Amino acid sequence: MMIKLRQLSFLLLISPVLLLSACDDMDFGTGGGGVFTVGQDVPSLRTKTLADVGGDMSKITSYRYPDPRMYQLSFDDALKTGKPIILEFATPGHCTQCDQQLQMLKVVMDTYEDKVLFLHMDQYYNPEAYDAFQVRGEPWTFVINGQGKVQHIAPGRMLYSELMPVLKTLLGDGKDG
């Protein structure tokens, strides 16, 4: 009887943890802090660029294999272009899924870089972006249309097979990636 009570107590204690850890597979339609919804305008925000750090990638990302294309524009300048934006919040220095997410985005960027801007925000180097979007936990992907409105929000790791339909809808071109 005592062993069963301990087992039950243990299950009751870890159940919330297990439920929360499954959040990566859900699409809540809201941002990390629950403040952004699909269709909402995003804030214009100055973020660090590669030029701001003298070209030193280690001062803008904790990613081991960074792609300079993700750090060319500040978020506010990216909004001014009128192009759709994939805004990735990921700190691979402490997040394995973030590393995998950025690997996948580099592949997608090779196909869509002429039509979509890809920006990576690392919490260590652009914490103001995390605050503005109220991102808690990582990774988070915001797909923003050319008018500066949230088109899609994905908490947790987003798979290639999940991102491609979103991009096709956003661009309306049916292009395979």
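**Reading the cores of a predicted model**

Student: How much surface does the protein expose, and what share of it do carbon and sulfur atoms supply?

Tutor: This is a predicted model. The protein exposes about 9,100 Å², and 57% of that area is supplied by carbon and sulfur atoms.

Student: What percentage of the residues is buried?

Tutor: Buried here means under 20% relative accessible area. Of the 177 residues in the protein, 41% are buried.

Student: Which secondary structure elements should I look for, and in what pattern?

Tutor: The protein has five helices and four strands. Along the sequence they follow α-α-β-α-β-α-β-β-α.

Student: How should I read contacts by sequence separation, and what percentage joins residues at least 24 apart?

Tutor: Start from contacts between residues at least 6 apart in sequence. In this protein, 73% of those join residues at least 24 apart.

Student: Why look for nonpolar cores?

Tutor: In soluble globular proteins, nonpolar side chains tend to be buried together. Here the largest nonpolar core has 27 residues, and Ile 86, Leu 105, Val 108, Phe 118, Leu 163 and Leu 167 touch the most other members. Helix 3 (96–112) and helix 5 (160–171) each supply at least two residues of this core. Helix 3 gives the largest share, seven residues.

Student: Which residues does Leu 167 touch?

Tutor: Leaving aside residues up to four places away in sequence, Leu 167 touches Ile 86, Val 108, Tyr 112 and Val 116.

Student: Which residues does the second core include?

Tutor: That core is separate and has 21 residues, including Leu 87, Phe 133, Ile 144 and Ile 153.

Conventions:
Residues are numbered from 1 along each chain as its sequence is written. This is a predicted model: local features need pLDDT of at least 70, side-chain atom pairs count only at pLDDT 80 or more; totals for chains, interfaces and linings use all residues. Side-chain values use heavy atoms; hydrogens and water are left out. Buried means under 20% relative accessible area, exposed over 50%, partly exposed in between (1.4 Å probe, protein chains only). Contact means heavy atoms within 4.5 Å. Accessible areas come from the Shrake-Rupley method with a 1.4 Å probe; for residues, only the protein chains shown count as cover. A nonpolar core is a set of buried Ala, Val, Leu, Ile, Met, Phe, Trp, Tyr and Cys residues joined through side-chain atoms within 4.5 Å.
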